[in-house]
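Me: I'm new to reading protein structures. Could you walk me through one, feature by feature?

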Amino acid sequence: MSDHEVNLSEIGQIAVNAKDIPKAVEFYRDVLGMQLLFEMPPKMAFFQNGRVRLMLSNPESEEYDHRSSIIYYKVDDIQASFETLKGRGVTFQDEPHRIAKMPDHELWMAFFVDVDDNILALMSEVR
């Protein structure tokens, strides 16, 4: 047995299921404005989000065919980001709203869906 310390403090990649990769690429690249790294048609596409890579892929098997975990995208101005994405046709589940009041900021969120009904969120720390 090893006593190597494991520290899971940085996300390298997030995988999100997508049934139609070209349609998903269009949504993430053209609607959300993410940087497309490369595609491996017809099964995968990769985007760069800061230091985290986002992989869109067809589910490899039935056991992996489910909605994704919620990915929270940090934005500086949640109201402006909400209005811009709503104007591009993004379907939001709610308006931006305060989740918590912290000592030095408020945490605000707004939830939306992608073309495969995966839930995504905008989050903002408002001073």
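Reply: Happy to. Let's begin with a word we'll need a lot: buried means under 20% relative accessible area, exposed means over 50%, and partly exposed is in between (1.4 Å probe, protein chains only). By that scale R127 is exposed, because its relative accessible area is 70%. Before we go on, this is a predicted model, where local features need pLDDT of at least 70, side-chain atom pairs count only at pLDDT 80 or more, and totals for chains, interfaces and linings use all residues. Residues are numbered from 1 along each chain as its sequence is written, and side-chain values use heavy atoms, with hydrogens and water left out.

Me: Which residue forms a salt bridge with R127?

Reply: General idea to start with: side chains of opposite charge can pair when their charged atoms come close. Here a salt bridge is a side-chain nitrogen of Lys or Arg within 4 Å of a carboxyl oxygen of Asp or Glu. The partner of R127 is D104, with the closest N and O atoms 3.2 Å apart. R127 lies in the segment after β9 and D104 in the loop between β7 (97–101) and β8 (106–113), so the pair ties together parts that are 23 residues apart in sequence. D104 counts as partly exposed, because its relative accessibility is 49%.

Me: How many salt bridges does a search of the whole structure find?

Reply: Six. Two of them involve E106: R98 meets E106 at 3.1 Å, N to O, and K101 forms a salt bridge with E106 at 3.9 Å between the closest N and O atoms. R98, K101 and E106 are thus joined into one network by salt bridges that share partners. E106 is buried, at 19% relative accessible area, while R98 is partly exposed at 45% and K101 is exposed at 62%.

Me: How do I read a strand, and which side chains of β5 are buried?

Reply: Strands (E, at least two residues) and helices (H or I, at least four) are DSSP runs, numbered from the N terminus. In β5 (residues 71–74) the side chains alternate: I71 and Y73 point to one face and are buried, while Y72 and K74 point to the other and are not. Two strands pair if DSSP finds at least two bridges between them. β5 pairs with β9 (residues 119–126) in the parallel sense, over four bridges, and I71 stands opposite L120 in β9.

Me: What about empty space: how much lies in the largest pocket?

Reply: Rolling a probe the size of a water molecule over the atoms shows where empty space is left. On a 1 Å grid over the protein atoms alone, a pocket is an open set of points where a 1.4 Å probe fits, with protein on both sides within 12 Å along at least five of seven lines; lining residues have an atom within 4 Å of a point. The largest pocket holds about 330 Å³ of space, a volume being the space filled by probe spheres set on the points, which are joined across faces, edges and corners. Its lining has 17 residues, and A15, N17, M55, S57 and Y64 lie nearest the centre. β1 supplies the largest share of that lining, four residues.

Me: Where is the cis peptide bond?

Reply: Between P41 and P42, with omega about 0°. P42 is in the loop between β2 and β3 (44–49).
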